Amino acid sequence: MDGLIDTAPCGILLADDASLILDANRTLADALGYSLEALRGKEVRTVLARGARIYYQTHVFPLLRLRGEVHEIYLSLRTAGEEDLPVLLNAVRREHDDGPITEIAVVPIERRSRFEDEILEARRAAETASQSRARFLSMLSHDIRSPLSAIAFSADLLARGAFGPVTEAQTRELGQIASAGRYVLRLVSDVLEFSRLETGRVDVCPVRVDVAEAADAALALVAGQADGAGVRLERPDAPALTAWADRDRLLQILVNLLGNAIKFTGAGGRVTVTWSASPDHVAVHVEDTGPGIAPDRQAAVFAPFVQDDAAPADGSVGLGLAISRELARAMGGDLTVESAPGEGATFTVALPHPPAA
Amino acid sequence: MNDARARFNVTETGRGQRPMVFAHGFGCDQTMWREVAPAFEADYRVVLFDFIGAGGSDTSAYDPERYASLSGYADDVLAICRELGLEDVVFVGHSVSAMIGILASLRDPGRFRSLVLVGPSPCYINDPPYVGGFEREDIEGLLAMMEKNYGGWAQAMAPVIMKNPDRPALAAELEELFCATDRDIARDFAAVTFLSDNRDDLGEVEVPSLILQCTDDAIAPDAVGEYLRDRLPHSTFRKLRANGHCPHLSHPTETTEVIRDYLAADPGAPWTA
């Protein structure tokens with residue numbers, strides 16, 4: 001081959017339809033460890049790794065015949081020293097005066113090939129991890145949740161004297177067993193719910209929901225917690241608004257947001273629920289007078305298993321906001337936060353407008 | 001889905017009565033027969049199909065357990081024959097499908113009139129003194145290569161196909177041929193194909209067969225064809241001038257003529273009398 005092509009920074013090889021090598025450039029001959037004279041007249045398969053011979057015959061050859069070209073094929077060549085040389089291959093089969101000739105260009109990709117091996121290995125590891133996770137969740141569901149329910153239920157029955165009289169001290173202890181059991185149960189349920197949400201296996205049934213009614217229901221559910229924490233709940237009068245949402249799921253989100261707000265605001269603080277509408281969506285805002293969230297933490301609060309260092313230790317596993325946001329998204333909406341340190345935080349649940357009747 | 005026609009993307013042509021079923025090999029689909037099958041349309045009812053995972057087949061019908069051995073594929077051939085009401089079948093199988101046809105004939109010998117085996121091999125792995133042509137590591141190398149290629153296969157092909165607007169039919173055909181090949185199924189199929197050993201089944205075969213041995217076939221070398229010739233009862237051995245592993249693509253005229261000659265002698269007549 002002439003000078004430029006002979007030393008081009010890629011291997012070039014010409015073969016006839018009988019797969020005999022007609023010519024090659026020096027770059028390829030050097031990479032394979034053959035002299036040019038030794039390469040000419042060899043069969044293409046002799047410079048392919050054995051696995052590559054099958055791949056060439058079953059994939060590359062048919063494509064060359066049917067379409068006349070192949071691109072970006074990963075193959076291993078076999079050098080004169082019996083070493084594998086991974087390459088990326090492009091080839092074109094063209095008519096010439098003496099019959100069709102296949103022109104092949106290869107670029108060695110040893111480092112890239114190792115890198116790809118690592119990626120594939122990582123993918124396999126991720127797939128294995130994902131299977132382990134599924135087994136773990138199934139174990140949580142069946143092997144932990146069911147006995148926990150039984151423990152809490154039996155403790156309740158004993159405390160109520162269903163199996164004979166119990167002393168006051170026994171009732172107190174049994175109550176603790178039951179409430180501790182229910183508490184762990186709730187944590188397990190959170191983990192399971194989040195994993196269902198993550199894999200898109202949660203059904204939401206949107207209907208027309210009166211936002212004021214849902215807000216009042218949520219406020220009623222957290223009134224006791226607010227009293228205990230010395231936090232004032234406010235719900236200013238506002239025009240009626242209808243959202244397109246699954247009422248139970250909206251309630252779950254609002255209770256979670258209100259619970260968090262009460263927890264972080266502390267005694268003497270205030271938590272306010274308001275709502276608004278824009279052309280795109282209906283929004284419910286939960287605003288607190290707590291310490292606020294630094295800008296660089298605002299994305300992290302929605303990440304699963306993240307718990308702010310400043311959070312009062314309540315044993316939660318930090319899935320509440322992650323679950324709430326997934327639920328809002330499952331309903332076609334979203335959950336966002338606006339906050340500045342020292343100025344409280346406002347969480348906003350955006351929901352679709354009801355479809356036109 | 002119970003309809004074999006849809007499940008296996010069955011194509012039926014031809015004006016004859018006797019069915020001639022063409023089965024593609026690993027890495028391809030029924031398109032591979034396009035230079036050979038039409039030559040038999042005048043005299044046969046020509047049936048083409050794609051195995052599950054290839055071409056236009058219904059990949060949702062894939063079941064790793066069913067296809068953990070070649071017998072799952074042989075059952076598919078029989079299912080197609082039954083559902084299409086094919087009797088006295090001339091079965092033409094390329095590469096691994098040659099062995100699939102042999103297995104199908106063992107299960108239901110009365111269904112087949114003759115088997116045409118293109119580039120067959122009962123075992124690809126060397127097992128001294130048997131020479132299959134490959135070691136287990138070679139097959140592992142193939143699987144690794146497939147994994148790296150199939151990752152970007154469809155994406156790599158699509159833009160090239162787009163560059164061929166003047167040949168839309170060809171582009172569509174290729175899209176069918178390779179882009180639709182499911183990566184995981186192709187990998188399983190490769191493993192089952194190249195790690196199978198069906199040597200012990202050969203002696204039981206009752207249906208007459210034609211062995212087409214290519215010249216310089218990197219996948220099924222001469223020694224393999226000769227092994228089959230010596231052990232497959234009622235077989236006829238023909239060495240093709242065609243070199244490589246896909247004579248139906250590279251040398252369709254010779255391939256067609258050799259098959260036609262063999263069928264002209266009406267093999268199988270005593271077996272169905």
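I took a salt bridge to be a side-chain nitrogen of Lys or Arg within 4 Å of a carboxyl oxygen of Asp or Glu. I kept in mind that this is a predicted model.

**Entry 1. Salt bridges**

I looked up A:Arg93 and found a salt bridge with A:Asp17, with the closest N and O atoms 2.7 Å apart. The pair joins distant parts of the chain, as the two residues are 76 residues apart. I placed A:Arg93 in strand S4 (residues 84-96) of chain A, and A:Asp17 in the loop between strand S1 (11-16) and strand S2 (21-24). Over all chains, I noted 39 salt bridges in the structure.

I stayed with that loop for one more residue. A:Ser19 also sits between S1 and S2 of chain A. Its phi is positive, near 60 degrees, and the residue is not a glycine.

**Entry 2. Domains of chain A**

I then checked how chain A is divided. The domain assignment gives domain 1 (3-108), domain 2 (114-198) and domain 3 (207-352). For domain 2 and domain 3 of chain A, I noted that the C-alpha centres lie 26 Å apart.

**Entry 3. Where chain A meets chain B**

How many residues does each chain bring to the contact? I found 33 residues from chain A and 39 residues from chain B. The area buried between the two chains is about 3,300 Å², and carbon and sulfur atoms give 65% of that area. I noted that A:Ile54, A:Leu66 and A:Arg67 supply 23% of what chain A buries against chain B, more than any other three residues.

I went on to the pairs across the contact. There are 5 salt bridges between chain A and chain B. One that I looked up joins A:Arg45 to B:Asp216, with the closest N and O atoms 3.8 Å apart. I also noted 10 residue pairs in polar contact between the chains, with both residues at pLDDT 80 or more.

Which elements of chain A supply at least two residues each to the side that touches chain B? I listed helix H4 (50-66), strand S3 (69-78) and helix H5 (110-159). H4(A) gives the most to this side, with 14 residues. By class, I recorded 12 nonpolar, 8 polar and 13 charged residues on the side of chain A that touches chain B.

**Entry 4. Helix H8 of chain A**

I checked the length of helix H8 (residues 247-265) of chain A, which has 19 residues. At 1.5 Å a residue, the helix should span 27 Å. The end C-alpha atoms are 26 Å apart, so the span agrees with the expected one.

I looked at both ends of this helix. At the N-terminal end of H8(A), A:Asp246 acts as a cap, with a side-chain oxygen 3.2 Å from the backbone nitrogen of A:Asp248. After H8(A) comes A:Gly266, with a positive phi near 80 degrees.

**Entry 5. Backbone notes on chain B**

I looked for the cis peptide bond and found one from B:Pro128 to B:Pro129, with omega near 5 degrees. B:Pro129 is in the loop between strand S5 (112-118) and helix H4 (136-151) of chain B.

Where does B:Asp266 lie? I placed B:Asp266 in the loop between helix H10 (252-264) and helix H11 (269-272) of chain B. B:Asp266 is not a glycine, yet its phi is positive, about 55 degrees.

Methods
Residues are numbered from 1 along each chain as its sequence is written. Chains are lettered from A and ligands numbered from 1 in the order in which they are written. This is a predicted model: local features need pLDDT of at least 70, side-chain atom pairs count only at pLDDT 80 or more; totals for chains, interfaces and linings use all residues. Side-chain values use heavy atoms; hydrogens and water are left out. Domain bounds come from an automatic or database domain assignment. Contact means heavy atoms within 4.5 Å. Buried area is the accessible area (1.4 Å probe) that two parts lose on being put together, summed over both. A polar contact is a pair of N or O atoms within 3.5 Å; within protein, one must be able to donate a hydrogen and the other to accept it, and residues adjacent in sequence count only if both atoms are side-chain atoms. Helices (H or I, at least four residues) and strands (E, at least two) are DSSP runs, numbered from the N terminus. Ala, Val, Leu, Ile, Met, Phe, Trp, Tyr, Cys and Pro count as nonpolar, Asp, Glu, Lys and Arg as charged, and the others, Gly among them, as polar. The expected span of a helix is 1.5 Å times one less than its number of residues.
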